[in-house]
Amino acid sequence: MALQIFINGEPREVQENTTLEDLIAELGMQNQRIAVEVNQQIIPHGQYHTCLLTGGDKVEIVRAIGGGQGDDPLVVAGKTYRSRLLVGTGKYKDLTETKAAIEASGAEIVTVAIRRTNIGQNADEPNLLDVISPNRYTILPNTAGCYTVKDAVRTCHLARELLDGHRLVKLEVLGDEKTLYPDVVGTLEAAKILVEDGFDVMVYTNDDPIIARKLEDIGCIAVMPLAAPIGSGLGIRNPYNIRTIVENASVPILVDAGVGTASDASVAMELGCDGVLMNTAIAEAKKPVLMAEAMKLGVDAGRKAYLAGRMPRRRYASASSPLDGMFF
């Protein structure tokens with residue numbers, strides 16, 4: 001039976017008989033220096049395994065940070081992230097380049113395609129998780145390459161088994177091999193199945209505000225509209241729809257697919273998106289590691305510009321220098 005608890009103020013479901021040690025492991029924080037309160041009582045590290053969580057418990061997890069860090073975090077499935085850039089692991093020339101690019105990006109959430117990327121299922125091949133450690137990164141399995149509801153749901157179950165009960169997934173149900181546009185009918189059906197089965201679903205979709213709202217209503221924890229076709233690098237083709245989705249959402253909205261360069265990432269963030277997910281734009285750059293750093297800066301700049309609020313657009317000029325005190 002599932003119990004609802006609160007972690008740093010955010011609701012989260014855990015299974016009955018879950019200990020604090022189990023929860024810390026589920027959050028991937030077992031090797032981090034943290035302090036934990038349960039219902040305002042500090043729990044010593046040595047007692048995590050005996051602290052049984054019950055419904056309604058309020059868990060506070062704290063850590064030391066540098067000044068100013070974490071003032072504007074991204075929250076996904078109750079977990080807080082400093083970076084608003086999510087990255088993929090495909091198309092790099094080797095795992096060394098993959099690791100270097102991900103580190104340069106500053107990303108904390110990394111996507112993997114279960115059927116295309118080796119994360120341990122082929123013993124004779126390099127293991128991605130030896131390079132991208134789940135203790136350091138949140139691994140986001142996706143259903144890339146799935147064209148049916150059945151395949152997408154099956155892939156998510158496989159991911160959960162491979163990653164020891166991992167609930168966070170990125171859902172894609174594709175409708176066309178040429179455009180890789182989502183099959184929105186199949187996406188809605190698969191999302192409903194996965195949410196009911198206990199998954200935390202981040203979902204790739206088109207830029208239709210109505211579909212975005214339906215996916216949120218189903219229970220998806222984040223909606224990820226495309227900027228342009230996957231791998232196209234065309235940038236945001238319909239900023240007005242993206243802005244409409246953002247304005248009407250109560251879950252994180254992250255642009256997914258179509259970003260080509262750092263300015264595209266900045267535009268997405270200036271529209272009010274909570275984050276950007278990308279792979280090809282970094283991996284196919286002439287210098288992927290340098291582009292990863294540029295994307296990090298682009299996302300940060302766009303977010304700050306959004307929070308600052310841009311000046312109003314005017315039809316005519318408005319002098320920036322004062323006219324008072326002119327001597328001619």
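Here are some notes on this predicted model, going from its domains to single residues and salt bridges.

1. Let's start with the overall layout. The protein chain splits into domain 1, covering 2–63, and domain 2, covering 74–308. Taken over C-alpha atoms, the centres of the two domains lie 27 Å apart. Their contact draws on 10 residues from domain 1 and seven residues from domain 2.

2. The interface itself deserves a look. About 710 Å² is buried between domain 1 and domain 2, and carbon and sulfur atoms give 33% of that area. On the side of domain 1 that touches domain 2, strand β2 (residues 10–15) gives the most, with three residues. By class, that side of domain 1 has one nonpolar, four polar and five charged residues.

3. How many salt bridges cross between domain 1 and domain 2? The rule finds zero across this interface. Polar contacts are present, though: three residue pairs are counted between domain 1 and domain 2.

4. You may want to check two backbone angles in the loops. Asn8 has a positive phi of about 50° although it is not a glycine, and this residue sits in the loop between β1 (2–7) and β2. Gln40 likewise is not a glycine, yet has a positive phi of about 70°; its place is the loop between β3 (35–38) and β4 (41–42). Asn8 is partly exposed at 36% relative accessibility, while Gln40 is exposed at 68%.

5. Now to the salt bridges, of which the count comes to 11. One of them pairs Glu26 with Arg12, with the closest N and O atoms 2.9 Å apart. Glu26 belongs to helix α1 (residues 20–26) and Arg12 to strand β2, so this pair ties together parts that are 14 residues apart in sequence. Arg12 is buried, with a relative accessible area of 11%, whereas Glu26 is partly exposed at 40%.

6. Another pair to view is Arg167 and Asp200, whose side chains meet in a salt bridge at 3.7 Å, N to O. Because Arg167 lies in the loop between α4 (149–162) and β11 (168–171) and Asp200 in strand β12 (residues 200–205), the bridge ties together parts 33 residues apart in sequence. Are these two residues buried or exposed? Both Arg167 and Asp200 are buried.

7. Lys192 and Glu196 form a salt bridge within a helix, at 2.7 Å from N to O. They are four residues apart in helix α5 (residues 184–196), so about one helical turn separates them. Lys192 is partly exposed, with a relative accessible area of 44%, and Glu196 is exposed at 60%. Elsewhere, salt bridges that share partners join Asp72, Arg84 and Arg303 into one network.

8. Finally, two residues around strand β10. Thr138 is found in strand β10 (residues 138–142). Why does Thr138 count as buried? Its relative accessibility is 10%, so it falls under the 20% cut-off. Leaving out residues up to four places away in sequence, Thr138 touches Lys79, Tyr81, Glu108, Ile109, Val110 and Leu168. Pro134 lies in the loop between α3 (128–131) and β10 and is partly exposed, with a relative accessible area of 37%. With the same sequence neighbours left out, Pro134 touches Leu129 and Ile139. The C-alpha atoms of Pro134 and Met29 are separated by 9.7 Å, with their positions 105 residues apart along the chain.

Key. Residues are numbered from 1 along each chain as its sequence is written. This is a predicted model: local features need pLDDT of at least 70, side-chain atom pairs count only at pLDDT 80 or more; totals for chains, interfaces and linings use all residues. Side-chain values use heavy atoms; hydrogens and water are left out. Domain bounds come from an automatic or database domain assignment. Contact means heavy atoms within 4.5 Å. Buried area is the accessible area (1.4 Å probe) that two parts lose on being put together, summed over both. A salt bridge is a side-chain nitrogen of Lys or Arg within 4 Å of a carboxyl oxygen of Asp or Glu. A polar contact is a pair of N or O atoms within 3.5 Å; within protein, one must be able to donate a hydrogen and the other to accept it, and residues adjacent in sequence count only if both atoms are side-chain atoms. Ala, Val, Leu, Ile, Met, Phe, Trp, Tyr, Cys and Pro count as nonpolar, Asp, Glu, Lys and Arg as charged, and the others, Gly among them, as polar. Buried means under 20% relative accessible area, exposed over 50%, partly exposed in between (1.4 Å probe, protein chains only).
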